[in-house]
Amino acid sequence: MTSGEQELAIRMAKLAQSVALPNKVEDILATVTATAVELIPGADTAGVLLVRANGKFESVGDVTELPAKLDALQHDLQEGPCAQAALADTVVRTDDFRSETRWPRYAPAAVELGVLSGLSFKLFTAERTAGALNLFGFQPNIWDAEAETIGTVLAAHAAAAILAGRHDEQMQAALASRDRIGQAKGVIMERYGVDEVRAFEMLRLLSQESNDKLVDIAERVIGTCGGNG
C-alpha cells in the first residue's frame, strides 16, 4: 500500500466512524467536502447540493461560499452539472467549462466565477431528497480515474450521513407522535371513563371517519377536550 493509499484508508475509517456517531449531518458533510479538497488534486472547493421534493435547492457542507453561488445559478437557470448528478447521472465530469456545451447558460457563468472544471457525484438517498457531492477546480483538465474513485467513496459517506440523519428525524417524529397519541388517550379515558384500549379504538375510529392521520386526531382531542377538562 502506498502512502497515498494508506492516508486515504485512514481518512475513510475516520469518516465511517463520524457517520456512526451521533453528529449533526451538516458537520459530517462539511468533513466530507473538506476531505475531498484535501485528498483530490485539483479540487479547489467542494459542496453538497440537496434537491428537495418541492424543487428547492439547499447547499450544505460547503468549503467556501462558491459552491452555494454555483448551486443558486443552477436553480435559476434550471441547468448544470450538480443538479444533473443529483437528479439523473451517477457521475458528471467537466474538464473545461470554456468548451462545455451541455449547459449553454451555466457553463459561461461558472467560468466568470473562475471555475474551469467540475466533478459531481450522485448521492443515493431516500425518496423526497436528491443530492450530489460537487468538486470544483480553478484549472482545466485536472480530473483522473483516482479522483473519480475517491469522490465516489466520499459520496457514499455523504449519502450515509444524510440517510442516518433522516432516520433520526423519523425516530424523533415517531416518538413525538406516540407521546401526543398517549396524551389524547389519557384525555379520553378521563373524560369518558373508558380504559386505554377503548380510548385508542375511539381515536382510531375518528381517524378512519375523517380520513385524517391518527396523530392529527390526537392533537385535536388534546386541544378541544383537554382545554375543557
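Which residues in H3 are buried?

1. Basis. This is a predicted model, in which local features need pLDDT of at least 70 and side-chain atom pairs count only at pLDDT 80 or more, while totals for chains, interfaces and linings use all residues. Residues are numbered from 1 along each chain as its sequence is written, and side-chain values use heavy atoms, with hydrogens and water left out.

2. Helix H3. H3 covers residues 66–77, 12 in number, and its first and last C-alpha are 17 Å apart, close to the 16 Å expected at 1.5 Å a residue. The expected span is 1.5 Å times one less than the number of residues. Helices (H or I, at least four residues) and strands (E, at least two) are DSSP runs, numbered from the N terminus.

3. Buried side of H3. The buried residues in H3 are Leu 66, Pro 67, Leu 70, Asp 71, Gln 74 and Leu 77. They sit on the same side of H3, because their arc around the axis is only 140 degrees; the arc is that of the directions from the helix axis to the C-beta atoms. Buried means under 20% relative accessible area, exposed over 50% and partly exposed in between (1.4 Å probe, protein chains only).

4. End of H3. Gln 78, just after H3, has a positive phi of about 60 degrees.

5. Asn 141. This residue lies in the loop between strand E5 (129–137) and helix H6 (145–192). Its phi is positive, near 55 degrees, though it is not a glycine. Asn 141 counts as exposed, at 57% relative accessibility.

6. Asn 211. The loop between helix H7 (196–210) and helix H8 (214–228) holds Asn 211. Asn 211, also not a glycine, has a positive phi of about 60 degrees. Its relative accessible area is 70%, so Asn 211 is exposed.
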